[in-house]
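Visitor: Could you take me through one part of this model at close range? I would like to hear how its elements are arranged against each other.

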Amino acid sequence: MSETLPPVPDDHAWTRGAMMRDAYYGVVLAGSIAAVWGTDAGTGRIVSIAALCAFVPWYCLVGRRARRDRPVPAWTLCYQLGALVLLVTAQLASLTSSVLLFALIPQSFMLLPVGWGVLALAAFNVVPVAEALSAPSFRDLAWVGVLVLCVAFGAHFSWWIQRIIQQSRERADLIARLAAARAELAESERQAGMLAERQRLAMEIHDTLAQGFTSILMLLEAADSAPPEQARVYRERAARAARENLAEARALVSAQPPTELAGSSLPNALRRLVERLGEETGVTTSWELTGEPRLLPAGTEVVVLRCAQEALTNVRRHADAGRAALSLRYLPDGVRLEVSDDGAGFDSPVATGFGLAGMRERVTQAGGHLAIRSTPGSGTVLTVEAPA
């Protein structure tokens, strides 16, 4: 199974929000310039402030194009190297300019992997460490320890941030996969629903309209070869079948119950089917009802009715039978339908056909059982048991 996943963004909430990031960078840069202006004097102050001011065009032209990716993009490396050159220049002129590290170090870890971020952290602190080591006083040497602690804390904090970013990226990838799987499942369910609805309509059309048209054709053909009085009867029956077919079509379109069950009980509907078969074909028919009739679930009654219609249609079209019988037995936990004839029969283990397949599917969906006993030349017995 192939799947197309939506793209997972490589950036993260830590690295998004350009306006907030730019504002923070600008505030720290302005604070660095103000600190240098207020604490230093002479040429060093001018050089340091000039180097700090150069960060503005460098960030606008190059820094904003830098992005986090694997491998590290050229724009990001170029920006970090340029920032290092400008920072070292400012620090050599005035160590106070190191205030800018509050913006540069987080920025480095946003743009670089952990190892590269630690390397940038160490490079940005070369000048302060060198200045502290060159001073003999204990107070300046104490600053070395402070710087070492800052580097260690920065490295650990950056590792923690990177882990959060990595976990967030993994979750984003998982969410993308789940979204893709959900979309694929929804599409599969939609296709399955369309197929099921198409199958349902096909079975309904086969069990109602197609059978009705078959009955109409047989009656009209019989009318063509019958005496005038009998032909009139056949044509009246054909007209009645056409009206019933039209009613079935309307019920099918409006998703209403079968017309045979509209305002009638299941036994009465089955009795009418048997009587109509005898009237239209001349087959001797019988009808038997066992048990106390009771109202069954609509789905169960439709299944029993459709199976009876299909079985009697097969008697009409294929069996060439002289007798046909239909019985309905109400059981404590369901209902049993049996349709039998003394016609040509068929080889039931290898029998195929849309009608038989449709009956099996209907009965299976209702949780019932369908059995067919038939051999060539010895008739057919169809039994349907459906739960109540």
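Guide: Happily! In this predicted model, let's begin with helix H4 (residues 74-93) and helix H5 (residues 101-111), which pack at an angle of about 160°, their axes lying 12 Å apart. Angles over 145 degrees count as roughly antiparallel, so that is how H4 runs relative to H5. The crossing of the two helices is left-handed. On the H4 side, the contact is made by Thr76, Tyr79, Gln80, Ala83, Leu87 and Gln91; facing them from H5 are Leu101, Leu104, Gln107, Ser108 and Leu111. Sorted by character, the residues of this contact are six nonpolar and five polar, with no charged ones.

Further along the chain there is a sheet to look at. Its five strands form an open arrangement in the order E1-E2-E3-E5-E4, with mixed pairing. E1 and strand E4 (369-374) are the edge strands, each pairing on one side only, and the twist averages 10° from one strand to the next.

At the E1 edge, strand E1 (residues 284-290) pairs with strand E2 (residues 323-331) in the parallel sense, over seven bridges. One of the residues involved is Thr285, whose bridge partner in E2 is Ala324. Together with helix H11 (residues 298-319), E1 and E2 make a β-α-β unit, and this one is left-handed. H11 also lies across E2, strand E3 (334-341) and strand E5 (380-387), running at about 5° to E3.

Technical notes: Residues are numbered from 1 along each chain as its sequence is written. This is a predicted model: local features need pLDDT of at least 70, side-chain atom pairs count only at pLDDT 80 or more; totals for chains, interfaces and linings use all residues. Side-chain values use heavy atoms; hydrogens and water are left out. Axes are lines fitted to C-alpha atoms, for helices over the stretch in contact, and angles run from 0 to 180 degrees between N-to-C directions. Helices (H or I, at least four residues) and strands (E, at least two) are DSSP runs, numbered from the N terminus. Angles under 35 degrees count as roughly parallel, over 145 as roughly antiparallel, 65 to 115 as roughly perpendicular and the rest as oblique. A crossing is left-handed if the near helix is turned anticlockwise from the far one by less than a right angle, and right-handed if clockwise. Contact means heavy atoms within 4.5 Å. Ala, Val, Leu, Ile, Met, Phe, Trp, Tyr, Cys and Pro count as nonpolar, Asp, Glu, Lys and Arg as charged, and the others, Gly among them, as polar. Two strands pair if DSSP finds at least two bridges between them. A crossover is right-handed if, with the strands pointing away from the viewer, the path from the first strand over the helix to the second runs clockwise.
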